[in-house]
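Visitor: I would like to learn to read a model like this one, feature by feature. Where shall we start?

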Amino acid sequence: MDTFVGRGDELAVLSGIRARAAEGRRQVVVLAGEAGVGKTWLGERAADEAEREGFEVVWGRCWPHGGAPALWPWPAILPALTGPEGAQLLASDTGGEIVGSERFARFAAVADLLLTTRRGKPTMIVIDDLHYADTSTLLLTRFLVQTLDRLPLVLVLATRPDSSPDSLIAELQRDATTVVLRPFGLADTTALLTAHGMQDVSDTAALVLLRVTGGSPLYLTQAVGLGWTGSGDVTAGHAIAAALGRLAPGTRRILAFAALLGVDGTTTEVGALVGEPPEVVVEALTVASGTGLVDLTDTGWRFHDLVREAALGLLDHTEQLNAHAGAAAMLPGPPERVAHHALAAAPRSAADTDIAIAACRTAAVSLQRGYAYEQAAELLDRAVALASRMGASAELLIERADAVLACGRLIDARAGFEVAAEAASRVGEPVLLARAVLGLGGVWVHEHRNATVRQRVLAQQRAALRALPPEEESLRCRLKVRLAAEAVYEGAPEQAVLDALEETRQVGDDWALADALSLAHHALLAPEHAHARMALAQEQIEAASAAGDAILSLFGLLWLTADRYLVGDPLAERSLNELRQRSAALGVASIGYIVAAMDVMRLIRAGRLAAAEEAAGPCLQLGIKVGDADATGYYGAQLMAIRWLQGRDAELAELVAATMASASLAVPEYGFRASAVMLLARGGRPAEARAALAPLLEIGLAQLPRSSTWLAAMVALVDAGVLLDDAELVKQAADLIRPFASLPVMPSLAVSCIGAASRALGVAAMMDGDLDAAVSYLEQGVLDNVRIGHRPAVALSRAQLAEALIARGHTGDLPAARSLLTEAANEARAMDMPERAEAWLALAGPPDIPAVLRRTPTGWAIVMGEAVTALPDLVGIRYLSVLLEHAWQDVPALDLAAAGVVDARHELIDESAVDAYRRRLRTIDAEIDVADSDMDLARAERLRLEREALTSELAGAVGLGGRIRGFPDSPERARTAVRKALKRALDVIAEADPVLGDELRGSISTGLVCRCAPGRQWRVER
């Protein structure tokens, strides 16, 4: 969006934005600038103008000093716009009862309420100090920006500059109009002083003031407004201190306690802390307001940051600790506000530390109910830090790790569960140990890739299972499913997973069932379970929703989305859109990464290969950041798919060889080995390819464990077998693929795709010499790839179908093959696949078969081998026959027209030709009627095209009264007539054989002199 740098026209910019919003199009404005530069002032002026124009304006301010309710300031903004109903939606103790137990539902309800109540009502929402907002607040703001695009709404966001391009504020700014406010210069400062009646201030004094305030209009105004007279101490801080010093001691004390209570304190609460009645507090704040130290609002009071800091400084350290402790004991809530004051009082004593830890745990539960997962994790981090002095309990450590995991921070969560497991082991708590080691396993199967660490974790999980008391049925079932799922990765049968899952169902614990279903799903990613998995995903969503676990519900939606892609279900796109919305609302980084990986896959399938490669890099970095163990593997799969589709996969052979040689690759990594075999063979390294293949053959392809990479591995081995001329390898792999021929070849969670498996079966049939089967499989491959929307794979399947047709050589196969190759090459050019395009055009290029242009009783025919293409008797084809007879020679257009094509009177066509054209037109009309009645649409279309061509020839040759036109003797007019006639003829040829049409177009040049330079041998028979 646009960016405007402050130069005096900011209000005009905002006026134009409001005009667009009034038309019903939501507008977002970011006011960016350093502290005190005038963002709030500009927002206030814009709000005043908006109210005069009929907008309802609501303000909200983010609070930097802790204790603000979750999602602040939206809980204050929403009721102001929507009434009591809005007040309930974001309350942690009632929101879930109203709209359901997950953050997306709550966000969606907020959006729906605003859409319902604000439709047709021009509205401006101003959120000040957005840089202080917590993550959940930013997530809600982003969600509303994305969903309220049809409201007459202006959302003004005032924030300090954000240097992180990946932050949520930066994301909001990308789709907003940004107004950048600049600090004051010397001239501005002098003008400000003059406006305040200080006419004789020197440039030196103004420059000093400018430097100490950083050019901040706010600090400049405060310094002058609070008493600076042009000499002495000049900072705003000095001026504020002086203003505070002029207040009565009692007023100063009240102001200090008001500053300590913060954003949502009340006069009653301040009075309770100070020991004064509320009316005394109101009087003191009114006095402070008169001096400019505090702003009174409809709901309370507001300090500028510098004033608040100075007011707090009136209390010594002990007084502040005592005040915070008193606030923690006195305040009714919300729990996060109590936790803020308890944390501030914690250094006072061990008892206060215990109170703070307990307050943080209580507040974290409340925040998680309100889906402010990030704030909950932060509070529990602080609680653990306090408890670490005496040793944090295993239960607290588990709570903290669970909260971190809910944010999708996999690496941090694993580290947290590791510490929790050690603590539980030390105190001999089997239940806590089971919870910790379950968390340590991660959200996926096989998260620990280091063999030593993996075996240690598995041993811990087995020991925890043995130690659990019998009554802990849910934990026992979860551990059984986890261990069975991990065993599947190492080659164990899936039945143990299904048995443990069924046992979990019998327990009747929805949360345990949802968790078990997610693990079982991961263990059942082999293609034979493709359709059954969708029922498991639906069951997981239902169980997680019943348990009130938004994260497990989201994982269920992730599995459902992947399942739909893995079977080529068109509903996959719809599922992905819902997954994208929900994961964005919840802010779960681990699932956001998978969504980004799926988007790379979609770019690949759309044929946007350059864009896919560009997106794959940032996607990898996101995966590494969240700690996904498969991030590097997913990137490799995406890069290999792109290179393979481009025909450039041999470029990766060196990298693969280095990887294979760097360490002994475990045999279970057969998916990588199969791809390595193919890439090494493609790179001309057959010996290394066979060495990489050997461990797989030793196990036997049929005995390899089935997993998410199995189908991709078998397809890679088919292509490798062709390159290695290993018919037995191709046959074995093809036999294993055959039951899954219609499925897309997509490893893991649909993060990459190389097209439908049916294409590989066509390649295998060609290798076997069964060309009819090859044609059938490859025709199906084209259809399957069209169905799943894989544009590069469609082109590849068409080209390989053409190869099969050429090899088979039936009547009509050659023209069809050349048409397919040309179509595939044209597509490849548009998809950043130039190597493929060149190879396919070369295959479609002039073969050694000579061509004959033969005169027939009804027109002309082109004969190439057994292929015969019938053509009408067009003037342009007569010209073409002359050019072919004089191939590689220059023929003047005037001579071409006269050389046997027209008679001595220079008529374009003679009387007999005109009669023949007219007879043929009557015959065509009758044949069209028959074709229409027989529903032979293709034949009817060909006849209509021929009629159109003949009619065009007659129109050009016959004048008024049906008399034949004479040919113009002007060379220029002859050039024009010959060019048009040749074009019509070549169009007709291209309709019958696109490849031949393109070939002839490329060989003919027209002008005053014409020339044909054919790429094959031609003979003309009249």
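Visitor: What follows helix H39, and what is the sign of its phi?

Guide: Gly-769 follows H39 in this predicted model. Its phi is positive, near 85 degrees.

Visitor: Is H39 itself mostly covered or mostly open?

Guide: Count its buried residues. H39 spans residues 758–768, and 8 of its 11 residues are buried, so "mostly covered" fits under the cut-off of 20% relative accessible area. The buried ones are Ser-758, Arg-759, Ala-760, Leu-761, Gly-762, Val-763, Ala-764 and Ala-765.

Visitor: Which helices cover the buried residues of H39?

Guide: The cover includes H33 (631–646), H37 (710–723) and H38 (727–737). H40 (771–788) and H41 (791–808) also belong to it.

Visitor: Next, a helix pair. How are H26 and H27 oriented to each other?

Guide: Start from the angle between the N-to-C directions. H26 (residues 495–507) and H27 (residues 510–523) pack at about 165 degrees, with axes 10 Å apart. Angles over 145 degrees count as roughly antiparallel, and H26 and H27 are therefore roughly antiparallel. The crossing is left-handed.

Visitor: Which residues meet between H26 and H27?

Guide: A general point helps here. An α-helix has 3.6 residues a turn, so residues three or four places apart point the same way. From H26 come Val-497, Leu-501, Thr-504 and Arg-505. They meet Ala-512, Leu-513, Ala-516, Leu-517, Ala-520 and Ala-523 in H27.

Visitor: Is Arg-533 buried or exposed?

Guide: Buried. Its relative accessible area is 1%, and under 20% counts as buried. Arg-533 is found in H28 (residues 532–547).

Visitor: What does the side chain of Arg-533 reach?

Guide: The backbone oxygen of Leu-524, at 2.9 Å. Beyond four places in sequence, Arg-533 is in contact with His-521, Leu-524, Leu-525, Ala-526, Asp-563 and Leu-566.

Visitor: And how should I read Thr-147 in H7?

Guide: Take exposure, then partners. Thr-147 is partly exposed, with a relative accessible area of 21%. A polar atom of its side chain lies 2.9 Å from the backbone oxygen of Phe-143. Beyond four places in sequence, Thr-147 is in contact with Ala-111 and Leu-115.

Visitor: Last, the strands. In which sense do S10 and S11 pair?

Guide: In a regular strand the side chains alternate between the two faces of the sheet. S10 (residues 859–864) and S11 (residues 867–872) pair in the antiparallel sense, over 6 bridges. Val-863 stands opposite Val-868 in S11. The hairpin has 2 residues between the strands, and Gly-865 there takes a positive phi near 65 degrees.

Conventions: Residues are numbered from 1 along each chain as its sequence is written. This is a predicted model: local features need pLDDT of at least 70, side-chain atom pairs count only at pLDDT 80 or more; totals for chains, interfaces and linings use all residues. Side-chain values use heavy atoms; hydrogens and water are left out. Two strands pair if DSSP finds at least two bridges between them. Helices (H or I, at least four residues) and strands (E, at least two) are DSSP runs, numbered from the N terminus. Buried means under 20% relative accessible area, exposed over 50%, partly exposed in between (1.4 Å probe, protein chains only). A polar contact is a pair of N or O atoms within 3.5 Å; within protein, one must be able to donate a hydrogen and the other to accept it, and residues adjacent in sequence count only if both atoms are side-chain atoms. Contact means heavy atoms within 4.5 Å. Axes are lines fitted to C-alpha atoms, for helices over the stretch in contact, and angles run from 0 to 180 degrees between N-to-C directions. Angles under 35 degrees count as roughly parallel, over 145 as roughly antiparallel, 65 to 115 as roughly perpendicular and the rest as oblique. A crossing is left-handed if the near helix is turned anticlockwise from the far one by less than a right angle, and right-handed if clockwise.
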